[in-house]
Amino acid sequence: MTNGSVRVGIDVGGTKALGVALGDDGSIVAQDLRPTPRGIDSLEPLIDTLSDLAHSLGASGRLGVGAPGLVTREGVLRAAPNLDGVAEFEIGRLLSERLGHPVSVDNDATCAALAEWTLGAAIGTTDMMLVTLGTGIGGGIVANGELQRGAHGFAGEFGHMVVDPNGPPCPCGRRGCWERYASGSGLAMLARQAAAGRRLRSVVERAGGDPEDVRGEHVRDAALEGDGEARAVIDEFGRWVALGLANLTNAADPEMFVLGGGLAMGSELYVEPITRWFAELLYQPNLRPLPRIEFAHFGPLAGAVGAALLPEL
Ligand SMILES: [Zn+2]
């Protein structure tokens, strides 16, 4: 993989860094991953890991990096809740110095939006939003045929829209952020609440008997097998997802939402409740075309593919 025309992108996650190389036609010609160094007190091990991964994928002309946090328009990772000790990290400059070629950096969900818009589920749209439903919620925006970054690079932090000021605390310091309800951890919370009300017996058994151990996958698997109580939790979850999508539609009127992140697994289960609640919660649903809601074409690779597509800073 030393072909000079490959474009390499790396998506840096809290547990792993996932890289892809794209051929001239945008197809994925190679992929590889490395564990993200844990408990880093200097950022050197992270730079080592990323440059090793870039080399293994044949990055020779330039590299794109998607990072999980607030990335400034100059490519500085200002803060990243899932990477210990990271603040004001000049990831682009340091990697570029190490590799000897340009490195572009952007938020991971912004990269995923770029991938889905350019090569994936949202090809041909001019106004779309990508929402990643994972441990938290990330977002990316395309408007008027352009990827949007906002005045400072921080556009698309949909997960911290407050949907209930009296809701559960969020690691960001506020209460009732959308991602407390509509992410993978939100689904688990809704399930634990149901289990505490003595519902969801089969799901609790699946989790080993303790309601506190219930995770999103347990609810999903039980619902896929037709468990009525699990389906009721999925329906409630779908309502929370739809509430945020309705708010975003009121703000930006997209023609399409692409849903990505870990919850895209089992997507057939979520589409019906999300779509039904969305039509119910939207402002003036009878006077407008409803945005399409589809799941990400690139699945967990969307962030890395989009990173490879980033323009040079
Ligand atoms: Zn928050």
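For the residue classes used here, Ala, Val, Leu, Ile, Met, Phe, Trp, Tyr, Cys and Pro count as nonpolar, Asp, Glu, Lys and Arg as charged, and the others, Gly among them, as polar. With that in hand, here is a walk through this structure, which is a predicted model.

## Two domains and the pocket they share

The protein splits into domain 1 (7–114 + 302–312) and domain 2 (124–296). Their centres, taken over C-alpha atoms, sit 26 Å apart. Where the two domains meet, domain 1 puts in 15 residues and domain 2 puts in 16 residues.

Both domains also have a hand in the largest pocket: its lining takes at least three residues from each of domain 1 and domain 2. This pocket has a volume of about 1,400 Å³, and 45 residues line it. If you want to find its centre on screen, look for Pro68, Asn82, Asp108, Thr135 and Gly136, the lining residues that lie nearest to it. The elements giving two or more residues to this lining are strand S1 (7–12), strand S2 (16–22), helix H3 (108–119), strand S9 (128–133), strand S10 (137–143), H4 and helix H10 (302–309).

## The other spaces

The second largest pocket has a volume of about 170 Å³. Its lining is made of 15 residues, with Gly184, Gly216, Glu217, Gly262 and Leu263 nearest the centre. H5 and helix H7 (216–224) each supply at least two of the lining residues, and H5 gives the largest share, four residues.

Then there's the enclosed space. The structure holds one cavity of 30 Å³ or more, and the largest cavity has a volume of about 40 Å³. Lining it are Arg7, Val8, Arg62, Leu63, Gly64, Ser104, Ala307, Ala308 and Leu310. S1, S4 and H10 are the elements that give two or more residues to this lining.

Here is how the linings break down by class:

| Space | Nonpolar | Polar | Charged |
|---|---|---|---|
| Largest pocket | 19 residues | 20 residues | six residues |
| Second largest pocket | six residues | five residues | four residues |
| Largest cavity | five residues | two residues | two residues |

## Val8, at the cavity wall

Val8 belongs to strand S1 and is one of the residues lining the largest cavity. Is Val8 buried or exposed? Val8 counts as buried, because its relative accessibility is 1% and the cut-off for buried is under 20%. Leaving aside residues up to four places away in sequence, Val8 touches Val20, Ala21, Leu57, Gly58, Ala59, Arg62, Leu63, Gly64 and Ala308. Among these contacts, Arg62, Leu63, Gly64 and Ala308 also turn up in the cavity lining.

S1 has a part in the largest pocket's lining too, and Thr135 is one of the residues nearest that pocket's centre. From Val8 to Thr135 the distance is 25 Å between C-alpha atoms, with the two residues 127 apart along the chain.

## Helix H2 and its buried side

Which residues of helix H2 (residues 91–99) are buried? They are Ile91, Gly92, Leu95 and Leu99. These residues lie on the same side of H2, because they cover an arc of only 95 degrees around the axis. The spacing fits a general rule: an α-helix has 3.6 residues a turn, so residues three or four places apart point the same way.

What covers that buried side includes helix H1 (44–56), strand S4 (63–67), strand S6 (77–79), strand S7 (87–89) and strand S8 (103–107). Just past the end of H2, Gly100 takes a positive phi of about 80 degrees.

## Ser183 and Gln193

Ser183 sits in the loop between helix H4 (179–182) and helix H5 (184–196). Ser183 is buried, with a relative accessible area of 0%. Setting aside residues up to four places away in sequence, Ser183 touches Gly134, Thr135, Gly136, Ile137, Phe237 and Leu263. Two names there should look familiar: Thr135 and Gly136 are among the residues nearest the centre of the largest pocket. Leu263, another contact of Ser183, is among those nearest the centre of the second largest pocket.

Further along is Gln193, found in helix H5. Gln193 counts as partly exposed, because its relative accessibility is 48%. Gln193 and Thr275 are 82 residues apart in sequence, and their C-alpha atoms are 24 Å apart in space.

Terms used. Residues numbered from 1 in each chain as written. Predicted model: local features only at pLDDT ≥ 70, side-chain atom pairs only at ≥ 80, totals over all residues. Heavy atoms only, no water. Buried < 20%, exposed > 50% of the residue type's maximum accessible area, 1.4 Å probe, protein only. Arc of directions from axis to C-beta. Contact = heavy atoms within 4.5 Å. 1 Å grid on protein atoms, 1.4 Å probe; cavity = no way out; pocket = protein on both sides within 12 Å on 5 of 7 lines; lining within 4 Å. Points joined across faces, edges and corners; volume = space filled by probe spheres on them. Domains from an automatic or database assignment.
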